Amino acid sequence: MDKVLSHAQFANFQALKEPLGFIKIIEFFLAIFAFATTTSGGSNFSLNVKVNATDRQCTMGYYYPFDLGGQYDSVFEDCVNKAGAKPMSVSPASNSIISSSQFFVFVGVLAFLYCLVAIGVYVFGASKLKAGNCFPTVDFAITVVFAIFWLAGSSAWTQGVVDIKYYTDADFVTHRVQECHDGNPAFVCTLSGEANYANINVSAMFGFLNVLVWAGNCWFAYKETNWFQKRTDGAPADGQAPAAAQPAPSAFPSNDQY
C-alpha cells in the first residue's frame with residue numbers, strides 16, 4: 001500500500017494535458033476502434049439455386065480473418081452440388097485478404113499496448129527518463145515506425161475490403177454457378193439477405209485516421225528529443241557574449257517540479 005501511495009505521490013497527470021500525452025490517449029482509443037471493428041466485421045447472406053420446382057438455399061458467411069477460399073468456398077460448392085448444379089472453379093484470392101486483415105489487427109493491438117506503456121511513462125516515470133534523455137528519442141522513433149505501419153496496414157486492408165465486397169457481390173456469387181453463368185433457363189440463382197459491410201468500412205476509415213494522428217504526433221514527439229533541444233538553443237548575436245542555453249518546454253518534468 002505504501003508503494004502505491006509513493007508512486008501516486010510522484011504521478012504527473014498534468015503530462016496528459018500536454019499535446020504529447022493528450023494525443024497518446026487519442027491514439028489509444030483509435031487503435032482499439034481500428035482492430036475491434038475489424039475482428040467484429042463479417043456478415044451472412046443466402047444463395048438460392050432454383051432448379052425447375054426445386055429450391056435449394058444455403059447460408060454463407062465471412063468473418064475475421066476473412067478466409068474466403070476456405071470454409072466459405074466449401075459451403076458454396078457443397079450447396080451448388082446438392083442443387084444439381086456445377087460450381088465454377090473461380091476461388092477468391094483469400095490469402096491476400098487474410099494477411100492484410102491480420103497485419104492490420106497486429107498493428108492495432110501493438111499500438112494499443114505501446115500507448116499504455118507510453119502513458120504510464122508520461123505519468124509515473126517522466127522525471128527519471130528525462131534525466132537520461134533516452135525515452136523521448138525512443139518515443140519519437142517508435143512513433144515514426146507506427147505511422148509507417150499504419151499507412152502500410154491501412155492501405156493493404158482497404159484493398160482487402162474491396163476484395164471482400166467483390167467476392168461476395170451478388171453478381172459474382174451467382175455467376176459462379178455454371179448453369180446460371182451460361183444462362184440455362186432451368187436454373188435461377190439469387191441472393192437474399194445482402195452482406196453488410198459497415199464494420200469493415202469503418203475499420204478501414206479508422207486505419208487512415210490513425211495514420212493522420214500518428215504522423216501528426218511525430219512533430220510533438222520530435223520536439224522532446226535532444227535533436228530539437230539543440231536546435232532551439234540558438235546562436236549568440238554578433239558582439240554579444242553567449243547566453244545560457246534555455247531548453248524548450250517539455251512534457252517530461254524534472255524532479256524540481258514535484
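Let's start on the surface: F103, F106, L110, V145, I148 and F149 make a nonpolar patch of about 490 Å². This is a predicted model, and its protein chain has nine helices and three strands. Buried residues account for 42% of the chain's 258 residues. Here's a quick tour, topic by topic.

**The nonpolar patch**

- Two helices share the job of building this patch: α4 (94-132) and α5 (135-167) each bring at least two of its residues.
- One of the patch members, F149, sits in helix α5.
- Is F149 buried, exposed or partly exposed? With a relative accessibility of 31%, F149 counts as partly exposed, because the buried class ends under 20% and the exposed class begins over 50%.

**The overall layout**

- If you walk along the sequence, the helices and strands come in the pattern α-α-β-β-α-α-α-α-α-β-α-α.

**The sheet**

- The three strands form an open sheet in the order β2-β1-β3, and their pairing is antiparallel.
- At the edges you'll find β2 (54-63) and β3 (187-192), each of which pairs on one side only.
- On average, neighbouring strands in this sheet are turned by 20° against each other, ignoring direction.
- Strand β1 (residues 42-51) runs antiparallel to β2, and ten bridges join the two.
- Want some landmarks along that pairing? V49 stands opposite R56 in β2, while N44 stands opposite G61 in β2.
- On its other pairing, β1 meets β3 through six bridges, again in the antiparallel sense.
- A landmark here is L47, which stands opposite L191 in β3.
- How much of β1 is covered? Most of it: seven of the ten residues in β1 are buried.
- As a bit of background, side chains in a regular strand alternate between the two faces of the sheet.

**Salt bridges around K24**

- How many salt bridges does the structure have? The count comes to two.
- In one of them, the side chains of E27 and K24 meet at 3.2 Å, N to O.
- E27 and K24 are both in helix α2 (residues 19-39), three residues apart, which is about one turn of the helix.
- Both of these residues, E27 and K24, are buried.
- K24 also meets D139, side chain to side chain, in a salt bridge of 3.9 Å, N to O.
- That pair links distant parts of the chain, with D139 in helix α5 and K24 in helix α2, 115 residues apart.
- D139 and K24 are both buried, too.
- Put together, salt bridges with shared partners tie K24, E27 and D139 into one network.

**Cysteines**

- How many disulfides turn up in a search of the whole structure? The search finds zero.
- For anyone new to the term, a disulfide is a covalent bond between the sulfur atoms of two cysteines.
- C115 is buried, with a relative accessible area of 0%.
- C218 has a relative accessible area of 14%, so C218 is buried as well, given that the cut-off is under 20%.

**A loop worth a look**

- Where is P87? You'll find P87 in the loop between α3 (71-82) and α4.
- P87 has a relative accessibility of 17%, so P87 counts as buried.
- The C-alpha atoms of P87 and R176 are separated by 5.9 Å, although the two residues are 89 residues apart along the chain.

Conventions
Residues numbered from 1 in each chain as written. Predicted model: local features only at pLDDT ≥ 70, side-chain atom pairs only at ≥ 80, totals over all residues. Heavy atoms only, no water. Pairing = 2+ DSSP bridges. Helix = DSSP H or I, 4+ residues; strand = E, 2+ residues; numbered from the N terminus. Axes fitted to C-alpha atoms, helices over the stretch in contact; angles between N-to-C directions. Patch = residues over 30% accessible without salt bridge, like charges linked within 9 Å, V, L, I, M, F, W, Y side chains within 5 Å. Areas by Shrake-Rupley, 256 points an atom, 1.4 Å probe, with all protein chains shown as cover. Salt bridge = Lys/Arg side-chain N within 4 Å of Asp/Glu carboxyl O. Buried < 20%, exposed > 50% of the residue type's maximum accessible area, 1.4 Å probe, protein only. Disulfide = S-S within 2.5 Å.
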